[in-house]
Amino acid sequence: MNEPTHSDPAAVALELERLRGTVEVGFARVDGSLALLVQRSDQSDRQLAEHETRLDTLERARWPLPSVAAITAATSVALSLWQLTTR
């Protein structure tokens, strides 16, 4: 059989069909990769939201150390004044 030349419309159509198949496969790979990235991003967003919730809970449950220190200082001053006046 004869080799088709590059100017042959059938050869051009065949090469275009091969190119179309290659492009479709490439787009499918890119689409799959993008879907995976979106899924990972969603998982990261959920984890971040969970961590923020846990951090808020921990912050609400902690002792207010400056307030405790102020109350302790005021109590010690009051006890010192009481001891000085009772002598």
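Let me begin with R20 and E24, which are separated by about one helical turn because they stand four residues apart in helix α1. What we are looking at is a predicted model, and in it the side chains of R20 and E24 meet in a salt bridge, at 3.3 Å from N to O. On accessibility, E24 counts as partly exposed, because its relative accessibility is 44%, and R20 likewise counts as partly exposed, at 48%.

Now, R20 has a second partner, on the other side along the sequence. The side chains of E17 and R20 also meet in a salt bridge, here at 3.7 Å from N to O, and these two residues both lie in helix α1, three residues apart, which is again about one turn of the helix. E17 is partly exposed, with a relative accessible area of 47%. Taken together, then, E17, R20 and E24 are linked in a network of salt bridges. As general background, side chains of opposite charge can pair when their charged atoms come close.

How many salt bridges does the structure hold altogether? It holds three, and the one I have not yet described joins R18 to E15, with the closest N and O atoms 2.9 Å apart. R18 and E15 both lie in helix α1 as well, three residues apart, so about one turn of the helix lies between them. As for their surroundings, R18 is partly exposed, with a relative accessible area of 49%, and E15 counts as partly exposed at 45% relative accessibility.

Let me turn from the charged residues to the nonpolar ones. Which residues form a nonpolar patch on the surface? They are V12, L16, L19, V23 and F27, which together have about 480 Å² of accessible area. Taking V23 from that group, its place is in helix α1, which covers residues 9-61, and V23 counts as partly exposed because its relative accessibility is 38%, which lies between the limits of 20% and 50%.

Just before V23 in the numbering comes T22, which is also found in helix α1. Is T22 buried or exposed? With 55% relative accessibility, T22 counts as exposed, since the cut-off for that class is over 50%.

I will finish with a distance that reaches well along the chain. The C-alpha atoms of T22 and A73 are separated by 77 Å, and these two residues are 51 residues apart along the chain.

Note on methods
Residues are numbered from 1 along each chain as its sequence is written. This is a predicted model: local features need pLDDT of at least 70, side-chain atom pairs count only at pLDDT 80 or more; totals for chains, interfaces and linings use all residues. Side-chain values use heavy atoms; hydrogens and water are left out. Patches are made of residues with over 30% relative accessible area and no salt bridge: like charges are joined within 9 Å, nonpolar side chains (Val, Leu, Ile, Met, Phe, Trp, Tyr) within 5 Å. Accessible areas come from the Shrake-Rupley method with a 1.4 Å probe; for residues, only the protein chains shown count as cover. A salt bridge is a side-chain nitrogen of Lys or Arg within 4 Å of a carboxyl oxygen of Asp or Glu. Buried means under 20% relative accessible area, exposed over 50%, partly exposed in between (1.4 Å probe, protein chains only).
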